[in-house]
Amino acid sequence: MGNGWSEWPLMFFTVAAQCVIGGYLIMAMVLLAGNLTAAGARKVHLSMFFLWLLMGLGFLASMMHLGSPLRALNSLNRIGASPLSNEIAAGSLFFALGGIYWLIAVLNRMPRMAGSIWLVITALSGLLFLYAMGRVYMIDTVPTWDTVYTPLGFVLTVFIGGPLLGCLLLQGAGISGPGWRYLPWVSVIAVMISVAAVMMQAAGLAAIHSSVQQASAMVPDYGLLMAGRVLLLVLGLACWLWPVARGKTPPVAGLALGLVLIIGGELIGRAVFYGLHMTVGMAIAS
């Protein structure tokens, strides 16, 4: 029992990785649109450094969970057969493609056409990484995880935190556009879907039990924690949406605060997720 806080390395890794995937997709689309000057594109490339910094911190956290970097290398031994090996391989591929692209682009050695192709391939690898992360937790002996809410939650984190992270980095680079006022609504819709999913999952937990354990009792403060999560998400999006609704450009400091609040909210949700870990051989879903 518990709220899953002991799994903080995995909490941070999954939330950070999913936010980076979403942020990368936003920045890649801006670059692929071809509306930037050479100076503007360079500023965007420079700001992408923070994506890979966050991704690197996420991987460091995941290695702490494994105990040592050597174990991380050993976990690659079963690529194709083990979901964990597939996750690490897909994540490493995304990280490597993105990092190498960033380095070549910053050095002004990336041809335009090759750069566009590389951006698309890296985006696809990010989506593959997202899929692989979800597959790790789809375990039939863990009935509280082996549901549609696991991959849905991971995808929603991409759309809740990713757009704000991308907007923050682009705003910090001095890049904005008239269509940006619609971007916060992507995250708003994702939060609304997430709230609905939380309520449906809470109702479904009562039907999952074993001879000795009730899923709904594994995280006694489920409702309170999820309410706190939603509050942080709403406050985080308000830091972004309020100036946009007033026709103003969101300040970088406000966007940074909003991102911290949203990451905090998603970490609470992820702690609940890990707290629901229920490994039983005789689980019953009624």
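Start with helix α8, residues 183–205, in this predicted model. Its buried positions are Leu183, Pro184, Ser187, Val188, Ala190, Val191, Ser194, Ala197, Val198, Gln201 and Leu205. If you're wondering about the spacing of such positions, an α-helix has 3.6 residues a turn, so residues three or four places apart point the same way. As for geometry, α8 has 23 residues and spans 34 Å from first C-alpha to last, close to the 33 Å expected at 1.5 Å a residue.

Zooming out, the protein chain has ten helices and two strands. Read from the N terminus, the order of elements is α-α-α-α-α-α-α-α-β-α-α-β. Of the 286 residues in the chain, 48% are buried. Among contacts with a separation of 6 or more, 80% are between residues 24 or more positions apart.

**The core and its rings**

In soluble globular proteins, nonpolar side chains tend to be buried together. Here, the largest nonpolar core has 78 residues, and the members touching the most others are Tyr24, Leu51, Met55 and Phe129. Helix α1 (residues 8–33) is the top contributor to this core, giving 15 residues.

Phe129 is worth a closer look. With a relative accessibility of 0%, Phe129 counts as buried. Setting aside neighbours within four places in sequence, Phe129 is in contact with Phe13, Ala17, Ile21, Met55, Glu87, Ala90, Gly91 and Phe94. Phe129 also belongs to a cluster linked by ring pairs, together with Phe13, Tyr24, Trp52, Phe59, Phe94 and Phe95.

How many aromatic pairs does the structure hold? There are 20 of them. One is Phe59 with Phe129: the planes sit at 5° and the ring centres are 6.4 Å apart, so this pair is stacked. Phe59 is in helix α3 (residues 49–66) and Phe129 in helix α6 (residues 112–136), so to speak a link between distant parts of the chain, 70 residues apart. Phe59 counts as buried too, at 10% relative accessibility.

Another pair, Tyr137 with Tyr274, is edge-to-face, with 75° between the planes and 5.8 Å centre to centre. Tyr137 lies in the loop between α6 and α7 (149–172), while Tyr274 is in helix α10, so the pair ties together parts 137 residues apart in sequence. Both rings belong to buried residues: Tyr137 has a relative accessible area of 5%, and Tyr274 is at 6%.

Here are the two pairs side by side.

| Pair | Centre to centre | Angle between planes | Type |
|---|---|---|---|
| Phe59 and Phe129 | 6.4 Å | 5° | stacked |
| Tyr137 and Tyr274 | 5.8 Å | 75° | edge-to-face |

**A buried salt bridge**

The structure holds one salt bridge. Arg229 and Glu266 form it, with their closest N and O atoms 2.8 Å apart. The bridge links distant parts of the chain, running from Arg229 in helix α9 (residues 222–245) to Glu266 in helix α10 (residues 252–275), 37 residues apart. Are these two partners buried or exposed? Arg229 is buried, and Glu266 is buried as well.

**Two polar residues in α7**

Thr150 sits in helix α7. At 3% relative accessibility, Thr150 counts as buried. Its side chain reaches the backbone oxygen of Trp145 at 2.6 Å. Not counting residues up to four places away in sequence, Thr150 touches Gly134, Tyr137, Met138, Trp145 and Phe273. Tyr137 turns up here again, having already appeared as the ring partner of Tyr274.

Gln171 lies in α7 as well. Its relative accessible area is 15%, and the cut-off for buried is under 20%, so Gln171 counts as buried. Beyond neighbours within four places in sequence, the contacts of Gln171 are Ser176, Thr249, Pro250, Val252 and Leu255.

**An unusual backbone angle**

Most residues other than glycine have a negative phi. Asn108 goes against that, with a positive phi of about 60° although it is not a glycine. Where is Asn108 found? Its place is the loop between α5 (83–106) and α6. With a relative accessible area of 53%, over the 50% needed, Asn108 is exposed.

Methods:
Residues are numbered from 1 along each chain as its sequence is written. Side-chain values use heavy atoms; hydrogens and water are left out. A salt bridge is a side-chain nitrogen of Lys or Arg within 4 Å of a carboxyl oxygen of Asp or Glu. Helices (H or I, at least four residues) and strands (E, at least two) are DSSP runs, numbered from the N terminus. Buried means under 20% relative accessible area, exposed over 50%, partly exposed in between (1.4 Å probe, protein chains only). The expected span of a helix is 1.5 Å times one less than its number of residues. A nonpolar core is a set of buried Ala, Val, Leu, Ile, Met, Phe, Trp, Tyr and Cys residues joined through side-chain atoms within 4.5 Å. Contact means heavy atoms within 4.5 Å. Rings of Phe, Tyr and Trp (its six-membered ring) pair if their centres lie within 6.5 Å; planes under 30 degrees apart count as stacked, over 60 as edge-to-face and the rest as tilted. A polar contact is a pair of N or O atoms within 3.5 Å; within protein, one must be able to donate a hydrogen and the other to accept it, and residues adjacent in sequence count only if both atoms are side-chain atoms.
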